[in-house]
Amino acid sequence: MPCTQKTTHKDKDGNITETEEVLSWDEIRFWRDHALFSSDHFTRSDRWDDLTSQQQTELKAFRKTLRDIPQTYSNEEDVIFPVKPSWLNIDVNDYIFTGE
């Protein structure tokens, strides 16, 4: 499933239409950078040492997948964001961080 965002429009008669648009590279970069920045503090030694080995593995994989997006995909419609680890308490766009 491509990275898309849903937009809902309501016209003057109350009719609702919903559209889906593929995210642009700028939007993809924004969400990628936001997730990397938000998870940075977990990589500092005082927080890193508190993570279990499983959490460290999950965090490494999540961040590597994010960093590799520009090298992995050449078209916006092909980009797949990784699933955020359930324990990772950061705010991301859950609609696009699906792993699908």
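These notebook entries record what I looked up in a predicted model of one protein chain.

**Entry 1. Overall layout**

I began with the secondary structure, which amounts to four helices and two strands. Following the sequence, I read the order of elements as β-β-α-α-α-α. I then looked up the extent of the chain: its C-alpha atoms fill a box of roughly 55 × 30 × 20 Å along the principal axes. The radius of gyration is 16 Å, whereas a compact globule of 100 residues would have one near 13 Å.

For burial, I noted that 29% of the 100 residues are buried. The chain exposes about 6600 Å², and carbon and sulfur atoms supply 46% of that area. I also looked up how far contacts reach along the sequence. Of the contacts between residues at least 6 apart, 50% join residues at least 24 apart.

**Entry 2. The hairpin**

I turned next to the two strands. Strand β1 covers residues 4-10 and strand β2 covers residues 16-22; they pair in the antiparallel sense over seven bridges. Which residue of β2 is the bridge partner of T7? I found T19 in that position. Further along the ladder, Q5 stands opposite E21 of β2. Five residues lie between the strands of this hairpin, and G14 takes a positive phi near 90 degrees.

**Entry 3. Two strand residues, Q5 and I16**

I looked up Q5, a residue of strand β1. Its relative accessibility is 29%, so I entered Q5 as partly exposed. Beyond four places in sequence, Q5 is in contact with T19, E20, E21, L23, E27 and Y95. I also took one C-alpha to C-alpha separation from Q5: P85 is 80 residues away in sequence and 21 Å away in space.

On the other strand I chose I16, which belongs to β2. Is I16 buried or exposed? Its relative accessibility is 59%, above the 50% cut-off, so I16 counts as exposed. With residues up to four places away left out, I16 touches T8, H9 and K10.

**Entry 4. Helix α1 and S39**

I checked the length of α1 against expectation. The 15 residues of α1 should span 21 Å at 1.5 Å a residue, and its end C-alpha atoms are 21 Å apart, so the two values agree. The buried residues I listed in α1 are I28, R32, A35, L36, S38 and S39. The buried residues of this helix pack against α3 and α4.

I then examined S39, which lies in α1, a helix of residues 25-39. Its relative accessible area is 0%, and the limit for burial is under 20%, so S39 is buried. Setting aside neighbours within four places, I found S39 in contact with L59, R63, L88 and I90. Two of these partners, L59 and R63, are themselves among the buried residues of α3.

**Entry 5. Helix α3**

This led me to α3, which runs over residues 53-67. The helix has 15 residues and reaches 21 Å from its first C-alpha to its last, close to the 21 Å expected at 1.5 Å a residue. Which residues of α3 are buried? I recorded Q55, Q56, L59, F62, R63 and L66. They cover an arc of only 135 degrees around the axis, and therefore lie on the same side of α3.

I looked at the face turned away from this buried side and found the exposed residues S53 and K60 there. For the buried residues of α3, the packing partners are α1, α2 (45-48) and α4 (69-72).

**Entry 6. T98, after the last helix**

My last lookup was T98, in the segment after α4. T98 has a relative accessible area of 28%, so I entered this residue as partly exposed. Its contacts, with neighbours within four places left out, are F81, P82 and V83. From T98 to Q71 I noted 27 residues in sequence and 19 Å in space, C-alpha to C-alpha.

Conventions: Residues numbered from 1 in each chain as written. Predicted model: local features only at pLDDT ≥ 70, side-chain atom pairs only at ≥ 80, totals over all residues. Heavy atoms only, no water. Buried < 20%, exposed > 50% of the residue type's maximum accessible area, 1.4 Å probe, protein only. Contact = heavy atoms within 4.5 Å. Pairing = 2+ DSSP bridges. Expected span 1.5 Å × (residues − 1). Arc of directions from axis to C-beta. Rg over C-alpha atoms; globule rule 2.2 N^0.38 Å. Areas by Shrake-Rupley, 256 points an atom, 1.4 Å probe, with all protein chains shown as cover.
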